[in-house]
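Dear colleague,

I am passing on the structure below, followed by some notes on what turned up in it. Please read them alongside the coordinates when you have a moment.

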Amino acid sequence: MSIQWFPGHMHKARKEMAKVLPEIDVILEILDARIPWSSENPMLSDIARDKPVLRLLTKSDLADPDMTAQWLAFFSNDEKRDALAISTAQPSGYKAIPMRLKSLVSSGTSPRMKARVAMVVGIPNVGKSTLINKLTGRVMAKTGNEPAITKRQQLIKLNEHWNLRDTPGVLWPKVQNPASGFRLAATGAVRDTAMDSAEVATHLLDYLCTHYAGALQRRYGADLPLHDSVQTLDAIGHRRGCLGAGALVDFDRAGRLILQEFRQGLVGEISLETPAMREQETRETEQRLARIAEKREQRKTQKTEQRAAQRSRRNAGKRRGS
Ligand SMILES: Nc1nc2c(ncn2[C@@H]2O[C@H](COP(=O)(O)OP(=O)(O)O)[C@@H](O)[C@H]2O)c(=O)[nH]1
Ligand SMILES: [Mg+2]
């Protein structure tokens, strides 16, 4: 199943989110520990400005523990923001959630009669249903390795002080940023059938050859070529027998094999983003947008000047003619 995000869907999701926000005490923002930047929904931070947020880095069993530690430090930088790594492989992370929720809202409030509400927010397939099921110890929400199968839920009781609420509507990831698009495809967050497996795999290999060369060589052979990702893919295809006509490597099959092994964690504990990359890409995007705005401004000024020049030529012509 593939999901596409259209402006109409995005507008509707934003409206639904804005409607429920006043009743929410804490946002539980679920991010993929391997891509905490690209798996963010870009609208959330501007509409939920003053809400306390507990960020949960899911699937941390698949991520690089050093990078996860960097992200946790990056995300827990003030009293309204906290972050925790969780994974189905380690229940201790889930168990810490109620305490963390409590400390995010405890400052200066008197005991309440009503239970508080934490809203579980995240892009499709990031692990929202799995989290809800783990927290409640029951199967409340369907899970699956396919996006958007969560049934609309109302409130689910976590304990006597807290209720959980699922995301209203479907949230999109950073689809506008091309580099994010490839990372989302590599992790399986978006299953865009229009995206070529070999291309996604070579993008992934570009990153792995530079940052996780050891892990690649352990998996696919110590003499694996690492200087050019197309050659790396070719070599892996040969070694794994992903061959097509004329005993040549079938790049599509080789690409699918690598993506599958990466998603299952067979290549190793790997993260595709760091806080430094987030800063840099944000800066680059801002600079790009600023340059576009500047060009637009320049064109507007040029047009105004051209029109004024035409007008004065016309007026001069009229004066000569009269
Ligand atoms: N390896 C790993 N897989 C997970 C973890 N949490 C969820 N998943 C898998 O991710 C997929 C999507 O999970 P789901 O809860 O349905 O995501 P949702 O669409 O956000 O509700 C499922 O195949 C889950 O088994 C985790 O901590 N580790
Ligand atoms: Mg779900």
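**A buried arginine and its surroundings**

The side chain of Arg 81 reaches the backbone oxygen of Arg 49 at 3.2 Å, in what is, please keep in mind throughout, a predicted model. A polar atom of the same side chain, that of Arg 81, also lies 2.9 Å from the backbone oxygen of Lys 51. Arg 81 belongs to strand E3, which covers residues 81-85, and it is buried yet takes part in no salt bridge. The nearest side chain of opposite charge is that of Asp 78, at a distance of 4.7 Å, whereas a salt bridge requires the nitrogen and the carboxyl oxygen to be within 4 Å. Leaving aside residues up to four places away in sequence, Arg 81 touches Arg 49, Lys 51, Pro 52, Val 53, Arg 55, Phe 75, Ser 76 and Leu 104, so that the two residues whose backbone oxygens were named above, Arg 49 and Lys 51, appear among these contacts as well.

**Salt bridges**

Side chains of opposite charge can pair when their charged atoms come close. How many salt bridges does the model contain? The count comes to 15, and I describe a few of them here.

One of them joins the side chains of Arg 219 and Glu 261, with an N to O distance of 2.9 Å. Because Arg 219 lies in helix H9 (residues 213-220) and Glu 261 in helix H11, this pair ties together parts that are 42 residues apart in sequence. As for their surroundings, Arg 219 is partly exposed at 32% relative accessibility, while Glu 261 is buried, with a relative accessible area of 9%.

Another salt bridge is formed by the side chains of Asp 223 and Arg 239, at 3.0 Å from N to O. Asp 223 sits in the loop between H9 and H10 and Arg 239 in helix H10, so the parts tied together by this pair are 16 residues apart in sequence. Asp 223 is exposed, with a relative accessible area of 57%, and Arg 239 is partly exposed, with 39%.

A further pair, Lys 300 and Glu 297, meets in a salt bridge at 3.7 Å, again taken from N to O. Both residues lie in helix H12 (residues 275-321), three residues apart, which is about one turn of the helix. Lys 300 is exposed, its relative accessible area being 55%, and Glu 297 counts as partly exposed at 45%.

Finally on this topic, Glu 40, Lys 174 and Arg 278 are linked in a network of salt bridges.

**Positive phi angles outside glycine**

Which residues other than glycine deserve a look for their backbone angles? One is Asn 125, whose phi is positive, at about 75 degrees, although it is not a glycine. Asn 125 lies in the loop between strand E4 (116-121) and helix H6 (128-136), and at 13% relative accessibility it counts as buried.

Ala 247 likewise has a positive phi, near 55 degrees, and is a residue other than glycine. Its place is in the loop between helix H10 (229-239) and helix H11 (251-263). Is Ala 247 buried or exposed? With a relative accessible area of 48%, Ala 247 is partly exposed.

With best regards

How values were computed: Residues are numbered from 1 along each chain as its sequence is written. Chains are lettered from A and ligands numbered from 1 in the order in which they are written. This is a predicted model: local features need pLDDT of at least 70, side-chain atom pairs count only at pLDDT 80 or more; totals for chains, interfaces and linings use all residues. Side-chain values use heavy atoms; hydrogens and water are left out. Helices (H or I, at least four residues) and strands (E, at least two) are DSSP runs, numbered from the N terminus. Buried means under 20% relative accessible area, exposed over 50%, partly exposed in between (1.4 Å probe, protein chains only). Lys and Arg count as positive and Asp and Glu as negative; His and the chain ends are not counted. A polar contact is a pair of N or O atoms within 3.5 Å; within protein, one must be able to donate a hydrogen and the other to accept it, and residues adjacent in sequence count only if both atoms are side-chain atoms. Contact means heavy atoms within 4.5 Å.
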